[in-house]
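Hi,

Here is the structure I said I would pass on. Have a look at it first, and then read on for what turned up.

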Amino acid sequence: MNLLRAFLLTFLVVAPAVAETVAVDGGSVNVDRMVTGLDEPWAIAFLPEGDLLITERDGRLLNVSGGRASEISGVPRVVDRGQGGLLDVVLARNFATTRTLFLSYSAPMEGGAGTALASATLSADGARLENQKILFQMRLGSSAGQHFGSRIVEANDGTLFLTIGDRGDRERAQDTNRHNGKVVRVNRDGTTPSDNPFVQGGALPEIWSLGHRNPQGAALDAQGNLWLVEHGARGGDEINKPSKGLNYGWPVISYGRHYSGLKIGQGTEAAGLEQPLHYWDPSIAPSGMMIYSGKLFPDWRGDIFVGSLKFDMISRLEKNGSSASESERLFQDRYTRIRDIREAPDGTIWFLSVGDGAAYRISPE
């Protein structure tokens, strides 16, 4: 870590100003700015003792504790290019006893860079990562700087889902011999689960679902089902519920258009391809995703929250069976480029603003 960065880290503080009260449907909430001075924050996680972990895209993992942030050593080498770098961080369900966490990142590999998933142990003092192990990485990298995907979800059975974008090579999302545009599923030791859909052949064995453009948000619902949100092109951002072995259509079908304005693929539907549960047109540039427990905000129980990089807001959607519809846009134009959104153990909701370089907490008024 260079001396300038070490100096700047001393100004990262957990010192909220007086809470801003913001109107929402049915009432109002408090929004506190909890951490400032962040540089391209990408993901946030909550340590059992109340401290925070925050990733910064250029390769830093921060431990925010006692009013100050310190950089954790032992982070994997990342390729900081375009949309790539150090991306998601998720604590293992049994972190309290194992201190295991998972990181996703753009790793150097043949052909350039590709999405990778690693596990590591956080030292007792929170200062370094130990016992690092690569659990998965794409078969082939590329020189493209976009569409790494990269959200991690630990399923109720302990397996790990990782989202991977098409890396800007859209036809590869339908190629079952490439990891581009896929959700993959691996065991915590990096092996392939025996019940994966293609473990007996027909596709790479890690693949869970295919035909995705760039899923940058993912979460489990109360029943343990995986949901994700992915970027469309010009319009056509989608919420999907990726199921075993199914194909979600990109780039054969889409509700958006290419940036040139030309039609994508065959239109909006085709035999054997799944329909989105919700789509946005125009695009909101979706990022992090959370499905809320209802712990502090009972009216939001089961609702989906999606950050928007384009419209500087959080989209709140209500689920209706296997579909979803947007019911509210929170904080429109108050906080810029919302990247991640997570529920803390106490039921408060936290989000990261890239434009503000800050982490915010939502709590009841």
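Below is a walk through the overall build, some of the strands, and the spaces in the protein.

One thing to keep in mind is that this is a predicted model.

**Overall build**

The protein is mostly a matter of strands: it has 25 of them, along with two helices. Its radius of gyration comes out at 19 Å, close to the 21 Å that the globule rule gives for 365 residues, so the protein is as compact as a globular protein of that length. If you want a box to picture, the C-alpha atoms fill one of roughly 55 × 50 × 40 Å along the principal axes. Of the 365 residues, 58% are buried.

**The β7 to β10 sheet**

Start with an open sheet of four strands, ordered β7-β8-β9-β10 and paired antiparallel. The edges are β7 and β10 (129-137); each has a single partner strand, so one side of each is left without a neighbour in the sheet. On average, neighbouring strands here are turned by 30° against each other, ignoring direction.

Going through some of the pairs, β7 is joined to β8 (residues 100-109) by four bridges, and you can find Leu86 standing opposite Tyr105 in β8. Further along, β9 (residues 112-122) pairs with β10 over six bridges, again antiparallel. Ser119 sits opposite Lys133 of β10. These two strands make a hairpin with six residues between them, and Gly126 in the turn has a positive phi of about 70°.

**The β11 to β14 sheet**

Another open sheet of four strands runs in the order β11-β12-β13-β14, also with antiparallel pairing. Here β11 and β14 (207-210) are the edge strands; with a single partner strand each, one side of each is left without a neighbour in the sheet, so that is where to look for the open edges. The twist from one strand to the next averages 20°. Three bridges link β11 with β12 (residues 160-164) in the antiparallel sense, and Val153 faces Phe161 of β12 across that pairing.

**The strand β25**

Next, look at β25 (residues 358-364). Five of its seven residues are buried, so the strand is largely enclosed by the rest of the structure. It pairs antiparallel with β2 (residues 27-35) over six bridges, and it also pairs antiparallel with β24 (residues 349-353), over five bridges. Tyr360 is a handy residue to click on: Arg33 stands opposite Tyr360, and Phe351 stands opposite Tyr360 as well. β24 and β25 form a hairpin with four residues between the strands, where Gly357 takes a positive phi near 60°.

**Pockets**

So much for strands; now for the spaces. The largest pocket has a volume of about 1,000 Å³. Its lining takes in 38 residues, and Val90, Arg93, Leu220, Arg342 and Glu343 are the ones that lie nearest its centre. Which strands supply at least two residues each of this lining? They include β3 (41-46), β7 (86-91), β11 (152-154), β15 (215-220), β19 (286-291) and β23 (338-343). By class, the lining has 23 nonpolar, five polar and 10 charged residues.

The second largest pocket holds about 350 Å³ of space. It is lined by 21 residues, and the closest to its centre are Gln83, His231, Tyr259, Ala285 and Leu309. This lining divides into six nonpolar, eight polar and seven charged residues.

**The cavity**

How many cavities of 30 Å³ or more are there? The count comes to one, and the volume of this cavity is about 70 Å³. Residues lining it include Gly211, Arg213, Glu230, His231, Trp250 and Ser254. You may recognise His231 from the second largest pocket, where it is among the residues closest to the centre. By class, the cavity lining has three nonpolar, six polar and three charged residues.

That is everything I wanted to point out for now. Happy to go through any of it with you on screen.

Cheers

Note on methods: Residues are numbered from 1 along each chain as its sequence is written. This is a predicted model: local features need pLDDT of at least 70, side-chain atom pairs count only at pLDDT 80 or more; totals for chains, interfaces and linings use all residues. Side-chain values use heavy atoms; hydrogens and water are left out. On a 1 Å grid over the protein atoms alone, a cavity is a set of points where a 1.4 Å probe fits but cannot get out, and a pocket is an open set with protein on both sides within 12 Å along at least five of seven lines; lining residues have an atom within 4 Å of a point. Grid points are joined across faces, edges and corners, and a volume is the space filled by probe spheres set on the points. Ala, Val, Leu, Ile, Met, Phe, Trp, Tyr, Cys and Pro count as nonpolar, Asp, Glu, Lys and Arg as charged, and the others, Gly among them, as polar. Two strands pair if DSSP finds at least two bridges between them. Axes are lines fitted to C-alpha atoms, for helices over the stretch in contact, and angles run from 0 to 180 degrees between N-to-C directions. The radius of gyration is taken over C-alpha atoms; the globule rule is 2.2 Å times the number of residues to the power 0.38. Buried means under 20% relative accessible area, exposed over 50%, partly exposed in between (1.4 Å probe, protein chains only).
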